[in-house]
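Visitor: I would like a close look at a single part of this protein chain, taken slowly, with its neighbours brought in as they become relevant. Please choose one helix and follow it outward.

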Amino acid sequence: MVRVGIAGIGYIAEEYIKLFTGGRIQGAVITALSSRKEAHMQEIKSRYALDAMLFADYEAMLRSGCIDMVMICTPHFYHPQMAVQAISQGIHTMIEKPVGVWPEELDALLNMPELTITPVVVKEPEPMEALVQDAAGPEETAPDAPAGAGEFPVSIEETGVFTPEEAAEPAEE
């Protein structure tokens with residue numbers, strides 16, 4: 001089981017949390033949340049009955065050993081720096097669009113020797129519903145959904161980032 005931490009707990013992060021708690025993403029479990037808004041994290045943890053550690057400090061979450069992957073859902077200008085921090089520590093990283101705001105911010109990220117880019121889904125912009133249509137296949141995709149929206153991975157190993165063995169391992173408590 002891939003242990004996932006989510007950084008930034010706003011609207012987009014909550015949409016991902018709904019995918020996890022609704023059973024739409026298999027082979028992964030949310031084990032940590034990171035936000036400067038501690039009361040909001042606690043509210044989200046309670047609302048979705050998450051068994052997750054809460055971190056007011058993103059770097060502490062990365063060092064905690066309780067995540068294998070981080071989903072960066074913070075304001076756009078933080079994305080490159082946060083991704084560099086996670087990748088430098090060997091943590092698989094998903095960055096919500098856009099990857100960054102200014103091209104010069106991306107240099108450190110794109111020039112990392114450990115960086116491997118694996119595009120999973122590209123979706124612009126709202127509504128999120130088109131992205132999360134029933135993964136049974138393209139016939140289930142909304143008429144105005146982008147190409148590939150019905151192919152949203154339903155298991156973490158379908159992304160090709162984790163091996164089936166990694167996704168099948170039980171999460172450590």
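Guide: What follows is a walk around helix α1, beginning with the whole chain and ending at the surface.

The model is predicted, and its chain holds 6 helices and 5 strands. If you read along the sequence, these elements come in the order β-α-β-α-β-α-β-α-β-α-α. Of the 173 residues in the chain, 42% are buried. When contacts with a separation of 6 or more are considered, 58% of them are between residues 24 or more positions apart, and several of the pairs described below reach across the sequence in that way, one of them joining residues 65 positions apart.

Helix α1 spans residues 11-21, and it is mostly covered, since 8 of its 11 residues are buried. Those buried residues are I12, A13, E14, E15, Y16, I17, L19 and F20, a list in which you will notice two glutamates, E14 and E15, alongside residues such as I12 and F20. What lies over the buried residues of α1 includes the strands β1, β2, β4 and β5 together with helix α2.

The two glutamates deserve a careful look. E14 counts as buried because its relative accessible area is 15%, which is under the 20% cut-off for that word. Its side chain meets that of R47 in a salt bridge, with 2.5 Å from N to O. This pair links distant parts of the chain, for E14 sits in helix α1 while R47 belongs to helix α2, residues 38-47, and the two are 33 residues apart. R47, with a relative accessible area of 43%, is partly exposed, so this salt bridge has a buried partner in E14 and a partly exposed one in R47.

The neighbouring glutamate, E15, is also buried, at 14% relative accessibility, and it forms a salt bridge with K18 in which the closest N and O atoms are 3.2 Å apart. E15 and K18 are 3 residues apart in helix α1, so they are separated by about one helical turn. K18 itself counts as partly exposed because its relative accessibility is 38%. Salt bridges that share partners also join E14, E43 and R47 into one network, and the whole structure contains 5 salt bridges.

Beyond the end of the helix, α1 is followed by G23, whose phi is positive, near 80°. Further on, Q26 lies in the loop that leads from α1 to β2, residues 28-34, and Q26 is partly exposed because its relative accessible area is 44%. Although Q26 and V2 are 24 residues apart along the chain, their C-alpha atoms are separated by 9.3 Å.

Now turn to the strands that help to cover the helix, beginning with β4, which is made of residues 69-72. Both of its faces are covered: M69 and M71 are buried on one side, and V70 and I72 are buried on the other. Strand β1, residues 2-7, runs parallel to β4 and is joined to it by 4 bridges, and one of the pairings matches A7 with I72 of β4. Strand β5 likewise runs parallel to β4, with 4 bridges between them, and here M69 has H92 of β5 as its bridge partner. To get from β4 to β5 the chain passes through helix α4, residues 79-88, and this β-α-β crossover is right-handed.

A further salt bridge brings β1 back into the picture, as D68 pairs with R3, their closest N and O atoms being 2.9 Å apart. D68 lies in the loop between α3 and β4, whereas R3 is part of strand β1, so that this pair too links distant parts of the chain. R3 counts as buried because its relative accessibility is 12%, whereas D68, at 24%, counts as partly exposed.

Finally, let us step out to the surface. The chain exposes about 9500 Å², and carbon and sulfur atoms supply 54% of that area. F77, V101 and W102 form a nonpolar patch there, which together has about 330 Å² of accessible area. V101 is found in the loop between β5 and α5, and it counts as partly exposed because its relative accessibility is 39%.

Key
Residues are numbered from 1 along each chain as its sequence is written. This is a predicted model: local features need pLDDT of at least 70, side-chain atom pairs count only at pLDDT 80 or more; totals for chains, interfaces and linings use all residues. Side-chain values use heavy atoms; hydrogens and water are left out. Buried means under 20% relative accessible area, exposed over 50%, partly exposed in between (1.4 Å probe, protein chains only). Contact means heavy atoms within 4.5 Å. Accessible areas come from the Shrake-Rupley method with a 1.4 Å probe; for residues, only the protein chains shown count as cover. Patches are made of residues with over 30% relative accessible area and no salt bridge: like charges are joined within 9 Å, nonpolar side chains (Val, Leu, Ile, Met, Phe, Trp, Tyr) within 5 Å. A salt bridge is a side-chain nitrogen of Lys or Arg within 4 Å of a carboxyl oxygen of Asp or Glu. Two strands pair if DSSP finds at least two bridges between them. A crossover is right-handed if, with the strands pointing away from the viewer, the path from the first strand over the helix to the second runs clockwise.
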